[in-house]
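Work through these exercises with the structure in view. Try each task before reading its solution.

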Amino acid sequence: MLHKTMKMILVMMTSLFAFASIADDTQPLQLAQTSEGFDAEQKYMASCFACHSTGAAGAPKVGPGNAGEWEPRLEKGMDAVVANAINGMNTMPPKGLCFDCNDADLRAIVEYMIAASE
Ligand code: HEC
C-alpha cells in the first residue's frame, strides 16, 4: 500500500519535472523587427487564412479550440515551427505565400495563429 503511494508520488514528480523542462525550452518573446505598418491578423487573413481556417491539405487549423493542432508541432520548438513557415513544409508553401513578409513578420503571424487557437 505504502509502496503504491510512493510510486504514485514518484510518477507525479517525474511528470512535473518533464513539464518544467518543457517550460525552460520555450524562448523568451523576441522583439520582432516587423515591416512598417505590419498587422499580424491582417496578414494572416490575406495569406494564411485560406488554408489554415479550414485545415486544407492538412494545415493545422487556427481558431478557438484548436490548441491541440499546434501542441505536437510546438514540441520541436517555436524556432523550428517558424522556420518551417519561412521555408515551407510539404504542401505548406514557403512564406505561406506572403512574399512581402520578412522573417520577423512571419514569426509574428505564427505567434498570432497560435494565440488565436487557444
Ligand atoms: C496553400 C495552403 C497554405 C497556406 C496559404 C499557408 N499554409 Fe501554413 N501550412 C499548410 C499546410 C498544408 C501545413 C502542414 C504541413 C505539414 O505538416 O506537412 C502548414 C503548416 C504550417 C505551420 C506549421 C509548421 C510546423 O512546423 O508544423 C505553420 C507555422 C504555418 N503553416 C504557417 C503559415 C503562415 C504564417 C501562413 C501565411 C503567411 C501560411 N501558413 C499559409 C498550408 C498552408
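**Exercise 1.** Find which helices each supply at least two residues of the shell around the ligand.

*Solution.* This is a predicted model, so begin by locating the helices on it.
- Step 1. Mark helix 2 (40-52), helix 4 (78-87) and helix 5 (103-115); each supplies at least two shell residues.
- Step 2. Look for the main contributor. Helix 2 gives the most to the shell, with 5 residues.
- Step 3. Take in the whole shell. It holds 25 residues around the ligand. The closest are C48, C51, A59, M92 and G96.
- Step 4. Sort the shell by type. It divides into 17 nonpolar, 7 polar and 1 charged.

**Exercise 2.** Place A59 in the chain, then decide: is A59 buried, partly exposed or exposed?

*Solution.* Go from position to surroundings.
- Step 1. Find A59 in the loop between helix 2 and helix 3 (67-74).
- Step 2. Count its surroundings. A59 has 18 other C-beta atoms within 10 Å.
- Step 3. Apply the cut-offs. A buried residue needs 20 or more such atoms, and an exposed one has 12 or fewer. A59 has 18, so A59 is partly exposed.
- Step 4. List its contacts, leaving out residues up to four places away in sequence. A59 touches C51, H52 and M92.
- Step 5. Compare sequence and space. A59 and T91 are 32 residues apart in sequence. Their C-alpha atoms are 8.5 Å apart.

**Exercise 3.** Describe the largest nonpolar core and name the elements that give two or more residues to it.

*Solution.* Start with the members.
- Step 1. The largest nonpolar core has 14 residues. Those with the most contacts inside it are Y44, C48, L106, I109, V110 and M113.
- Step 2. Helix 2, helix 4 and helix 5 each give two or more residues to this core.
- Step 3. Helix 5 provides the largest share, 6 residues.
- Step 4. Follow one member outward. Beyond residues up to four places away in sequence, L106 touches V82, A85, I86, K95 and C101.
- Step 5. Add the background: in soluble globular proteins, nonpolar side chains tend to be buried together.

**Exercise 4.** Summarise the protein chain: how many helices and strands are there, and what share of the residues counts as buried?

*Solution.* Move from elements to totals.
- Step 1. Count 5 helices and 0 strands.
- Step 2. Read the order from the N terminus on: α-α-α-α-α.
- Step 3. Of the 118 residues, 18% count as buried.
- Step 4. Take the contacts between residues at least 6 apart in sequence. Of these, 66% join residues at least 24 apart.

Methods: Residues numbered from 1 in each chain as written. Predicted model: local features only at pLDDT ≥ 70, side-chain atom pairs only at ≥ 80, totals over all residues. Near = placed C-beta within 6 Å. Helix = DSSP H or I, 4+ residues; strand = E, 2+ residues; numbered from the N terminus. Nonpolar A, V, L, I, M, F, W, Y, C, P; charged D, E, K, R; others polar. Contact = placed C-beta atoms within 7 Å. Core = buried A, V, L, I, M, F, W, Y, C linked by C-beta atoms within 7 Å.
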